[in-house]
Amino acid sequence: MELSEAIKERRSCRSFLTLPVSDATIEQILEAAIWAPSPLNTQPWEFMVITSPEIKEKIFSEGLRCKEWALEKSGWKWLKGYQMDFLRSAPVIIAVIGDPRKSGVDMFMEESPTGYQHACAAAIQNMLLTTHELGLGSLWFTFYDKEAMRGILDIDQDKVPVALVCIGKSGAEPTPTARKAVEKKTTYMR
């Protein structure tokens, strides 16, 4: 599979079969993640592989709690129908945990450090593309409170649960999504 093809064809999966994902496949996905760029090569990520039904149930409950909170705060009616059962059915959830102390030079800038988050995002993109290449589905999930997720996953207070990546065999063909034209999203300053 060509990289450009993987980039254009990969979609978020919200329907997973409960078929297990092998440790070798998980390691292949994580190997791709660690080759992402990072500020000063700090590699500010850690990964937690979750297959425990009990922990997935706690993650699901936290997602529902945040959904209710967001619905109340935003008034967005579409949230009522947003289902999170994929958190239960995905055979594997990989927590991507970032360390703000490994953010690079931006940790000394006026705004809070973000370089570690960008590096973790690059690692996540590598995971998503590799998962697609391996014929599996994936979803980048951030619909949770970071403090609550620290408690669920027993993460140190000085680290940040940046995202959860759900992985497994897709149970349905993901719906293609439209993209805006490059010229509508680009400004050249010459």
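This is a short walk through one predicted model, from its salt bridges to its largest pocket and a surface patch.

Okay, ground rules before we start. Since the model is predicted, local features need pLDDT of at least 70 and side-chain atom pairs count only at pLDDT 80 or more, while totals for chains, interfaces and linings use all residues. Residues are numbered from 1 along each chain as its sequence is written, and side-chain values use heavy atoms, with hydrogens and water left out.

Let's begin with charges. A search of the whole structure turns up 7 salt bridges, where a salt bridge is a side-chain nitrogen of Lys or Arg within 4 Å of a carboxyl oxygen of Asp or Glu. I'll also keep saying buried, exposed and partly exposed: buried is under 20% relative accessible area, exposed is over 50%, and partly exposed is in between, with a 1.4 Å probe and protein chains only. And for helices and strands I'm using DSSP runs, numbered from the N terminus: H or I of at least four residues for helices, E of at least two for strands.

One of those bridges pairs Glu-62 with Arg-65, with the closest N and O atoms 2.8 Å apart. The two sit about one helical turn from each other, because they are 3 residues apart in helix H3, residues 53–74. What I like here is the setting. Glu-62 counts as buried because its relative accessibility is 6%, while Arg-65 is partly exposed at 43%.

Now go to helix H6, residues 146–153, where Arg-150 and Glu-147 are likewise 3 residues apart, about one turn of the helix. They form a salt bridge too, and the closest N and O atoms there are 2.9 Å apart. Here the arginine is the buried partner: Arg-150 has a relative accessible area of 12%. Glu-147 is partly exposed, at 41%. Elsewhere, salt bridges that share partners join Glu-57, Asp-85 and Arg-88 into one network. Inside that network, Arg-88 bridges to Asp-85 with closest N and O atoms 3.9 Å apart. Arg-88 is partly exposed at 40%, and Asp-85 is partly exposed, also with 40%.

While we're in that stretch, look at Leu-87 in helix H4, residues 86–89. Buried or exposed? Leu-87 is buried, because its relative accessible area is 0%. Leu-87 and Val-105 are 18 residues apart in sequence and 36 Å apart in space, C-alpha to C-alpha.

Phe-16 gives us another sequence-versus-space pair. You'll find Phe-16 in the loop between helix H1 (3–9) and H2, and it is buried, with a relative accessible area of 6%. How far apart are the C-alpha atoms of Phe-16 and Lys-169? They are separated by 5.7 Å, with their positions 153 residues apart along the chain. Then take Val-182 and Lys-80: 102 residues apart in sequence and 32 Å apart in space, again C-alpha to C-alpha. Val-182 is in the segment after strand S4 (160–168) and counts as exposed, at 60% relative accessibility.

On to the surface. Leu-40, Val-105, Met-107, Phe-108 and Met-109 make a nonpolar patch of about 570 Å². For the method, patches use residues with over 30% relative accessible area and no salt bridge, joining nonpolar side chains (Val, Leu, Ile, Met, Phe, Trp, Tyr) within 5 Å and like charges within 9 Å. The areas come from Shrake-Rupley with a 1.4 Å probe, and for residues only the protein chains shown count as cover.

Leu-40 deserves a second look. This residue lies in the loop between helix H2 (23–33) and strand S1 (45–50), and counts as exposed because its relative accessibility is 67%. Leu-40 also has a positive phi of about 55 degrees, although it is not a glycine. Asp-154, another non-glycine, has a positive phi near 55 degrees as well. That one is in the loop between H6 and S4, and is exposed at 68%.

Last stop, the largest pocket, with about 270 Å³ of space. Which residues are closest to its centre? Of the 14 lining residues, they are Glu-9, His-132, Ser-170, Glu-173 and Pro-174. On a 1 Å grid over the protein atoms alone, a pocket is an open set of points where a 1.4 Å probe fits, with protein on both sides within 12 Å along at least five of seven lines, and lining residues have an atom within 4 Å of a point. By class, the lining has 4 nonpolar, 5 polar and 5 charged residues.

That's my tour, thanks.

Terms used. Points joined across faces, edges and corners; volume = space filled by probe spheres on them. Nonpolar A, V, L, I, M, F, W, Y, C, P; charged D, E, K, R; others polar.
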